[in-house]
Amino acid sequence: MAKIKVGVFGVGNACSSFIQGLQLCKEHGEKVEGLMHWDLGGYTPLDIEIVAAFDIDKRKVGKDLSEAIFSPPNNMLKLCDVPKFDVIVEKGHLLDEFSPDIKELIKIDDSPPVDIVDSLKSKGAEILVNLVPSSAIETTKFYAEKAIEAGCGFINCVPVFIASDAEWAGKFEKAGLPVVGDDLESQAGSTILHRWILELLTLRSVKILETYALDVGGSPESIHALDWEKTMAKRMVKTEAVKSAVPYDVPVVAGSTDYVDFLGDFRDTLIWIKGTIFGGAPITIDLKIKVPDGANAVSPLMDAIRGVKIAMDRGISGALESVSAYAFKHPPKSVSPKTAENWMMEFIEGKKEK
Ligand SMILES: NC(=O)c1ccc[n+]([C@@H]2O[C@H](COP(=O)([O-])OP(=O)(O)OC[C@H]3O[C@@H](n4cnc5c(N)ncnc54)[C@H](O)[C@@H]3O)[C@@H](O)[C@H]2O)c1
């Protein structure tokens, strides 16, 4: 198969884990641990080639990607060494004002930003993955616009509404390009686990009364999440995703994060569910999940990239509801995890148009 030429915005923990994941796939082939799909529509992870990367932190800009992914403040769990890449991180565009906490964390490079479209075209990029922080709202919209100008498909892993916004989806449709998003759904993250448990309880006629999921983490993203005003969408996305698992209205609180530096890239989530079983007898569930965020992004992202490439091969444009529902928390159409998995497979097999 032809290579899938990918550009990334934001060389943080998720990007680093993803690139280490590609390296692990090279080393172990089909035997790599924990990958959701090796072959999707004829494409394997070995077909994914990173050709461009953009960041704004001076500890990353100008460095080879293999070095930049291990530069601070990245603190993801290291999965493997990565040999020299021959992709130099270029200076991206900063359109959002960061909070004082973030200004301490990110050391902004003072060189001028590059022309994103020129750079992408010269490198032959065809798909762009947006992995900037959740507080980078205007930056995300800017990069989505640049994807259209450069003729690239767009994967929005950030909780800013692009694929799920009709106006934005229409812009991609008009340009003949696919878009998926929004807000990547981790492989085994708190939102998908919370949804599965609620669906199972509902299936077993348990009446759900109240539920919450609260996070603490030590990654840079956990500091961004402290900026409540800018990351309100993140809380909304998680709350809506959890609410959609129960077929009646239930009080839900989800997506609140606090920062605990010594946790590193690990995220601890406490899920609490209160309900009743037969005869109104009470049930409460307390569940704690601990998992590193970066590694949790790798497998869904590899699948999303191949889904977008397949759409491009078939000349399909606009928001892909199958790939979005399968790999993102806030898709254009939200369905149960099982239906989303079925949609994805039907799309890959050509039985579902989008
Ligand atoms: N499991 C996961 O990791 C996961 C799951 C769901 C969603 N996400 C989303 O993915 C995104 C990335 O997560 P992360 O943990 O890698 O975050 P991170 O903070 O570690 O990385 C973000 C990177 O973007 C860079 N950046 C900031 N502004 C930029 C700009 N204007 N242009 C280019 N680069 C810029 C930062 O310097 C940093 O390197 C977040 O929005 C997060 O909500 C991640």
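1. Ala53 has Val89 of β3 as its bridge partner. Strand β2 (residues 48–55) and β3 run parallel and are joined by three bridges; strands are DSSP runs of E with at least two residues, helices are runs of H or I with at least four residues, and both are numbered from the N terminus. The model is predicted: local features need pLDDT of at least 70, side-chain atom pairs count only at pLDDT 80 or more, and totals for chains, interfaces and linings use all residues. Residues are numbered from 1 along each chain as its sequence is written.

2. These strands belong to an open sheet of seven strands with parallel pairing, in the order β3-β2-β1-β4-β5-β6-β11. Two strands pair if DSSP finds at least two bridges between them. At the edges stand β3 (89–91) and β11 (318–319), each of which pairs on one side only.

3. The ligand is surrounded by 35 residues, of which Gly10, Gly12, Ala14, Gly92 and Ala297 come nearest; a residue is counted if its C-beta atom, placed from the backbone, lies within 6 Å of the molecule. Two or more residues of this shell come from each of α1 (13–28), β2, α8 (220–224) and α10 (293–313). The most, four residues, come from α10.

4. Domain 1 (4–185 + 295–348) and domain 2 (190–292) both contribute to the shell, so the ligand lies between them. The domain bounds come from an automatic or database domain assignment.
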